[in-house]
Amino acid sequence: MADISTMQTETGAAVIAAHGVHKHYGPIHAVDGVDLDIRAGELFGLIGHNGAGKSTMFKMMLGLIPATAGEIRIDGARVSGGNFRAVRRTIGYLPENVVLYDNLTGLETLHFFSRLKGASPAECAPALERVGLAHAAKRRVREYSKGMRQRLGFAQALLGKPRILFLDEPTTGLDPEAIRSFYAILRQLRSEGVTMVITSHILAEIQERVDRLAIMTAGKIQACGTVQALREQMDLPLWFTVRVAREDFEAVRTALGHLPVGAIEAHDDHVAVQCRREVKMAVIEALATLGGRVRDLTVREPSLEDVFFGFSD
Amino acid sequence: MEISQIATIASKEFWDRIRNRWVLAVALVFTAFALVIAYFGAAQQGAVGFKSIDVTIASLVSLVIYLIPLIALILGFDAIVGERERGSLDLLLSMPITRLELLLGKYFGLAGALTFSTIAGFGLVAIVLSSQLDINALFHYFGFMLSSVLLGCAFLSLAVMLSVFASDRTRASGLAIAMWFFFVLVFDLLLLGALVATGGQWGGEIFPYLLLANPADVFRILNIFSLDDVRTLYGLTTVFPPALANPWLLGLVMFAWIAAPLGIATWRFRQ
């Protein structure tokens, strides 16, 4: 087996590979035949309802629980096999609702985890600074707010310069500014070639940030791809919002009348209409015939939430 | 197995107990009780002040046999289940550490804290009494301290085993109390009851070996058999054959009481 510490994964190659993975708890199939390839340097989202199997999948990828059937490999090595230490040293993990030790200071917490990870203690202070906690390094964790604990948990995950990061609901408890800083760090890590797997319930937050994502329901992967590819696969309608004067509503109806669009809804100062993606350009051309009577035009793509509910329902 | 991983966990557990003054509190309790027993142990006979090391140790054994198992069980009952219930176990296990290393690290750290407080507590008394003790008495007293440490480690091992099996801290604490009742209060009564009920017909030969099935009794025998003056005062242990009362053999039995629960805990923790 290759030495993980020296192995360089080719960009685009699967760094996390799950094949035919099942996890059964008695009659309950928490994970039911999952195949997943996550590429090196990718920011990969894993989304699903509570109980969909995301956390179980996470725990199996981390080697915390064994799969009932199937296999998961990190950089070609089994995470719970004989090479597990080398594999684990390449991994950073931020659990959902991270629980750290109240009696330790922020810096002591990182020192403890750096020793376990075999990372240099010199990394601890810069890691705290990176997540914006340098000022609280010597304060005990019991005095930290929820958001500060989350950031400390993230700093812990960054110790040892991991090549793979597992982030379970990482922005829970963070304020908008901290969320922005968090994703800025993720962008920086991605540019350094770090592979990241992230779960979040805030779909709007990750839809513009992940490279690809998988939608899990009832232990199965329902769909996997880029957000755009999933939109196209789901074939959800686009929404047009056409801002026109009330007296021009009928003109809009007439212009679009020959096209296969949905019901045209009249509102105070605009009409809304939905159509399939392949009709999009025809709708725009038809509206262009109205010239200056169209004051504004907005086309809204289906959100990740629309896609998610489309697949999960 | 990586010793450094065990040392990292053990060091944290130990220093946690130093920081929260657990070690100091327990050491003070031991010191206070030991001093009171040393100076007032013979009050029932109408005298106060230190009289003899044998009487003092015999009185301390009666105290320690209740106190140390309780302290050890309280110390260790949530070692693993506490981490699991708080949600920090997954994070620890995601590190490059095996479950065995984590378990041993927890155990050694807690055992270190218990050992430190036991030696500090009783050692302080030894220093206070040192002017009144000869070498032989000091030897006996150190033997008592060592056996107290072993007793604590044995019950700590049982506590850590409970903490692996229990599904939550409430159950773990209940089991720890039940275990204390069984080994410290009920076990001897059951044996004695069986012996009396059968008029001494049942279990006479295996009786001494059954006492080895309780670390509290092993501790009692370890200490009482080394004290000629008080050996006869103890009912149950007088039936113990001198051949089985070899301190090395009993020490080995104590180590078995430390190793076996840890072995079972490791097996369960790996499931």
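Okay, let's start inside chain B, with two helices that touch. On the α1(B) side, the residues are B:Q5, B:I6, B:T8, B:I9, B:A10, B:S11, B:K12, B:E13, B:F14 and B:R17, and they meet B:E101, B:L102, B:L104, B:G105, B:K106, B:F108, B:G109, B:L110, B:G112 and B:A113 in α6(B). Sort that contact by class and you get nine nonpolar, six polar and five charged residues. One thing to say up front: this is a predicted model.

So how do those two helices sit against each other? Helix α1 of chain B covers residues 3-19 and helix α6 of chain B covers residues 99-129; they pack at an angle of about 35°, and their axes are 7 Å apart. As for handedness, the crossing of α1(B) and α6(B) is right-handed.

Let's zoom out to the rest of chain B. What is it built from? Twelve helices and zero strands. Read from the N terminus, then, you just go α after α until the end of the chain. Chain B has 271 residues, and 42% of them count as buried. If you take the contacts in chain B with a separation of 6 or more, 80% come from residues 24 or more positions apart.

Now, chain A meets chain B. How many residues are involved? We have 18 residues of chain A in contact with 16 residues of chain B. On the chain A side, α2 (84-88), β6 (91-94) and α3 (106-117) each supply at least two residues. The one that gives the most is α3(A), with four residues. By class, the side of chain A that touches chain B has nine nonpolar, three polar and six charged residues.

Keep β6 of chain A in mind, since it turns up again in a sheet. That sheet is open, with six strands in chain A ordered β6-β7-β8-β3-β9-β10, and the pairing is mixed. Which strands stand at the edges? Those are β6 and β10 (220-225) of chain A; each has a single partner strand, so one side of each is left without a neighbour in the sheet. From one strand to the next, the twist averages 15°.

Look at the β10 end for a second. Strand β9 of chain A, residues 212-217, pairs with β10(A) in the antiparallel sense, over five bridges. If you want a specific pair to click on, A:A214 has A:C224 in β10(A) as its bridge partner.

There are helices lying across this sheet too. Helix α6 of chain A, residues 176-191, lies across β3 (43-48), β7 (164-168) and β8 (195-199) of chain A, and runs at about 150° to β8(A). Then helix α8 of chain A, residues 227-234, lies across β9 and β10 of chain A, at about 115° to β10(A).

That brings me to the domains. Chain A is divided into domain 1 (14-232) and domain 2 (235-312). Taken over C-alpha atoms, their centres are separated by 40 Å. The contact takes 13 residues from domain 1 of chain A and twelve residues from domain 2 of chain A. Which elements of domain 1 give two or more residues to that contact? They are α7 (203-207), β9, β10 and α8 of chain A. Here α8(A) gives the most, with four residues. And the domain 1 side divides into seven nonpolar, four polar and two charged residues.

That's my tour, thanks.

How values were computed. Residues numbered from 1 in each chain as written. Chains lettered and ligands numbered in written order. Predicted model: local features only at pLDDT ≥ 70, side-chain atom pairs only at ≥ 80, totals over all residues. Buried ≥ 20, exposed ≤ 12 C-beta atoms within 10 Å, placed from the backbone. Contact = placed C-beta atoms within 7 Å. Nonpolar A, V, L, I, M, F, W, Y, C, P; charged D, E, K, R; others polar. Pairing = 2+ DSSP bridges. Axes fitted to C-alpha atoms, helices over the stretch in contact; angles between N-to-C directions. Left-handed = near helix turned anticlockwise from the far one by under 90°. Domains from an automatic or database assignment.
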